[in-house]
Amino acid sequence: MANPRDYLYTKDHEWVRVIDGTARIGITEYAQNELGDVVFVELPAPELIVEEGEGFAVVESVKAVSDIYAPVSGTVKAVNEALEDSPELVNESPFDEGWIAELEINDESQLKDLMTADEYDALLEEV
Amino acid sequence: MKNTPLTEQHRQQGARMMNFHGWEMPVHYTSLVEEHLCVREKAGLFDLSHMGELRLSGDTALATLDRLISNDPSKLEPGQVLYSPLMNERGGIVDDLVIYREGDGFFAVVNAANVEKDERWIRDHLLPGTTLENISADTALLAIQGPEAETIVNTAFACDHGSLGNFRYWDYVWNGIRVRISRTGYTGEDGFEIYVSAGAVQTVWNMLLKEGQPHGMQPIGLGARDTLRLEARLPLYGQDIDESTTPLEAGLSFAVAWDTEFLGKAVLTKQREEGLGRRLAGFILQERGIARSGCTILDGQGSPIGTVTSGSMSPSLQKGIGLGYIQRPWNKAGTEVYVQVRNRQLKALTHKGRFVQGKK
């Protein structure tokens with residue numbers, strides 16, 4: 001599964017899709033494959049204010065627990081409630097139906113610290 | 001890292017490999033959950049060649065073993081298998097063993113992480129006239145587990161295993177290969193464990209994969225082995241039991257023979273007379289989440305009453321399950337307790353017995 005070209009990426013293998021000042025966040029194909037079967041996602045509380053780099057959600061596979069870090073500072077405006085009953089969406093559709101949360105972005109200048117799809121592809125070449 | 005004779009096969013089959021106590025072992029081939037359910041519904045094949053095997057022989061082998069284990073090896077006859085904790089003088093568990101009675105001694109299967117420790121411990125307690133051999137390197141171990149296991153081994157070895165009872169074993173020669181097959185396992189399903197020489201295991205593995213395929217059998221990694229044993233409420237050494245836990249605390253009193261003398265018996269006797277302060281108890285989470293090893297167990301007022309030793313999502317139940325040492329009286333089945341998972345306290349009910357029953 002190719003990494004979508006219009007998304008941004010972090011070194012922690014999260015993706016960010018920016019739509020009208022909102023950052024939709026999920027984990028990449030590489031990350032879901034590393035984790036294995038996702039069986040639980042701890043979603044953040046609505047209106048939670050998070051700082052860039054702060055853990056604000058947790059994705060758990062049978063064997064592993066993985067923190068989801070805020071790629072930018074912001075306020076939680078939406079969470080993917082479908083993951084409560086169907087956490088496997090993170091495995092099946094990591095870039096689309098398996099999204100985790102949406103943040104209202106505080107400071108758009110933080111986006112320039114994220115990787116482009118080309119840069120993220122290059123990172124995956126190295127691992 | 002150490003390899004089993006099958007490591008290269010696992011890699012070629014696309015297994016994800018992990019470091020398991022210094023052994024390069026498959027964690028899963030396809031998906032942990034898929035492999036888990038395959039064993040519950042059909043059958044699975046495991047490479048367990050990392051496990052250790054020790055052999056005790058000589059006139060005093062029985063007396064040596066009797067003193068070291070809490071169970072009673074004296075009633076064991078050739079062809080029979082016994083589970084027992086290996087004890088220290090403090091009543092703690094050095095390891096848990098599966099012991100095969102042979103014509104002239106005993107064959108003990110030990111946990112991979114404990115081979116050197118167990119060998120040293122037994123050697124330090126050998127009676128004159130007992131010989132101890134570590135045959136781990138020459139001995140490979142496979143397991144085939146699941147409701148289809150018997151059908152598959154019957155076809156594979158051209159032999160009817162229907163009359164091989166639980167905790168019984170047969171030795172025979174198949175196609176020039178010496179095979180030891182026992183009706184034992186670590187999944188809660190019917191199944192077999194198969195010992196062959198390290199040199200012959202590739203032939204047997206490939207043959208079993210081929211014979212099992214029409215029955216839906218798949219190779220299974222250590223990831224599903226752990227969730228299968230947890231659903232069957234079987235303790236794992238190093239997590240649920242260790243040198244600081246006694247067989248009584250761990251719920252292994254079925255493997256304590258009070259009419260024999262063994263290391264640490266005085267400690268167990270005292271515990272039996274005074275009552276246990278804590279017991280290993282199972283629990284099922286009543287809300288979404290997963291308890292992990294090390295999480296604190298709380299009572300309804302938020303006071304700590306125990307610690308989780310194993311925890312996972314149960315692939316069969318689709319709920320969080322676990323084991324932990326819980327103070328009396330909260331260990332009693334059906335008690336409402338809470339597990340601290342990050343900043344949440346998840347409600348759980350303590351549970352007696354297996355979480356999931358085998359199909360046969």
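This passage describes aromatic pairs, charges placed over rings, and one sheet in a predicted model.

Aromatic contacts make a good starting point. Over all chains, the structure holds eleven aromatic pairs. One of them joins B:Tyr100 and B:Tyr169, whose rings are arranged edge-to-face, with 5.2 Å from centre to centre and 65 degrees between the planes. Because B:Tyr100 belongs to strand 6 (residues 93-102) of chain B and B:Tyr169 to strand 10 (residues 169-174) of chain B, this pair ties together parts that are 69 residues apart in sequence. Both partners can also be looked at in terms of solvent access. B:Tyr100 has a relative accessible area of 0% and is buried. B:Tyr169 has a relative accessibility of 7%, and because buried means under 20%, this residue counts as buried too.

Strand 10 of chain B also supplies a ring to a further pair, formed by B:Tyr172 with B:Phe157 of helix 5 (residues 149-157) of chain B, so parts 15 residues apart in sequence are tied together. Here the ring centres lie 6.0 Å apart and the planes meet at 75 degrees, which means that the pair is edge-to-face. B:Phe157 and B:Tyr172 are both buried.

For readers following the rings on screen, B:Tyr100 and B:Tyr169 are worth revisiting. Together with B:Phe107 and B:Tyr195, these two tyrosines are linked by ring pairs into a cluster. B:Phe107 has a charged visitor as well: B:Arg180 lies over the face of its ring, at 4.8 Å from the ring centre. Chain A offers an arrangement of this kind, in which A:Arg24 lies over the face of A:Trp99, at 4.0 Å from the ring centre.

Attention now turns to a sheet in chain A. Three strands form an open sheet in the order 4-6-7, and their pairing is antiparallel. The edges are taken by strand 4 (38-42) and strand 7 (65-69) of chain A; each has a single partner strand, so one side of each is left without a neighbour in the sheet. On average, and with direction ignored, neighbouring strands of this sheet are turned by 25 degrees against each other.

As general background, strands of a sheet pair through backbone hydrogen bonds, in either a parallel or an antiparallel manner. In chain A, strand 4 and strand 6 (residues 55-61) run antiparallel and are joined by four bridges. Within this pairing, A:Val38 has A:Ser61 of strand 6 as its bridge partner.

Note on methods:
Residues numbered from 1 in each chain as written. Chains lettered and ligands numbered in written order. Predicted model: local features only at pLDDT ≥ 70, side-chain atom pairs only at ≥ 80, totals over all residues. Heavy atoms only, no water. Phe/Tyr/Trp six-rings, centres within 6.5 Å; stacked < 30°, edge-to-face > 60°. Helix = DSSP H or I, 4+ residues; strand = E, 2+ residues; numbered from the N terminus. Buried < 20%, exposed > 50% of the residue type's maximum accessible area, 1.4 Å probe, protein only. Lys NZ or Arg CZ within 6 Å of the ring centre and 35° of its normal. Pairing = 2+ DSSP bridges. Axes fitted to C-alpha atoms, helices over the stretch in contact; angles between N-to-C directions.
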